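Work through the exercises below with the model open. Try each task before reading its solution.

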Amino acid sequence: MSKRQLRQPEKALGADLATEISRACTALETAIELSQEPPPEHLQASKGWLAGNALWMRALSNCEVTLFLVEKGMDGPAWSNLRMAYECLFFACALWDKPENLTRIEDNHRIEKAKQARGLLKPGVYPAMTPERKASLEKIANGAVGAKEWKVFDAAFEVGMEYWYQMVYRGSSLAGAHATELSTNVHFEEVSEGVHSFYYGPRYDDAKFQVGFVQELLSCRIPDDCIDSKRYPLFMARAVLKELIESLQSTQGVKPC
């Protein structure tokens, strides 16, 4: 398997920020490579574990886009992608921790499809609807009976990541992922005291925070597990971590916290 090569930051960024982006790119390359490794033998038949790994790969892809947008000075879109990266992270962790949570992901899918179908069935919303399409939507609208919503907060809380939910997920919602007052700041520029004009161009005000949050995501793991960070910096399933810790203890004398 060839190693994924990511773009390196442009020289115009400034030395400190360019260095941090380069470090994040290096960590991301490693994460992408490891994410494509086959699962441990005892988890190969676990659809929940596999779904968690797919969501982890989605988190990585959003991290890559975030770094690209930071490099270009696109502050708002960078926050949007960072928020999605953490959302995928929370659900990936929850699926790795308990693969049986896959049924809750499936419930979310049914609930959201039913919401969409009910919305399209409202009078006047879908004027060109055919009888066949109406019948299909009605079936979907009734397809979420008994399903329970699994919220982002619940997934984060269940794996001990509420801090990151409150700090990054909610913070990025305010900063750029939604149409908020704060998100408009990047498009104003003070031309004189108390006088502002519209601005469209690169902004790096939040860049160091965005890159830092990408780096944090790439190094996260279940809080109650402990492992030598130099040996295994990426989050993996609890069972995998335990096996690796035991292996390291027997070969290199690494002790748990």
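**Exercise 1: the packing of a helix**

The cover over the buried residues of α8 includes α1 (15-35), α2 (47-71), α3 (75-97) and α7 (162-177); contact means heavy atoms within 4.5 Å. The model is predicted: local features need pLDDT of at least 70, side-chain atom pairs count only at pLDDT 80 or more, and totals for chains, interfaces and linings use all residues. Numbering runs from 1 along each chain as its sequence is written, and side-chain values use heavy atoms, leaving out hydrogens and water.

Task: which residues of α8 are buried (under 20% relative accessible area, 1.4 Å probe, protein chains only)?

Solution. Start with the list: A207, Q210, V211, F213, V214, L217 and L218. Next, take the directions from the helix axis to the C-beta atoms. These residues cover an arc of only 155° around the axis, so they sit on the same side of α8.

**Exercise 2: cysteines**

Task: how many disulfides (cysteine sulfur atoms within 2.5 Å) does a search of the whole structure find?

Solution. The search finds zero. Check C88: the nearest cysteine sulfur, that of C63, is 9.6 Å away. C88 is buried, at 3% relative accessible area.

**Exercise 3: an aromatic pair**

Task: classify the pair formed by Y86 and W164.

Solution. Ring centres of Phe, Tyr and Trp (its six-membered ring) must lie within 6.5 Å; planes under 30 degrees apart are stacked, over 60 edge-to-face, the rest tilted. Here the centres are 6.3 Å apart and the planes make 35°, so the pair is tilted. Y86 lies in helix α3 and W164 in helix α7, 78 residues apart.

Note on methods: Buried < 20%, exposed > 50% of the residue type's maximum accessible area, 1.4 Å probe, protein only. Helix = DSSP H or I, 4+ residues; strand = E, 2+ residues; numbered from the N terminus. Disulfide = S-S within 2.5 Å.
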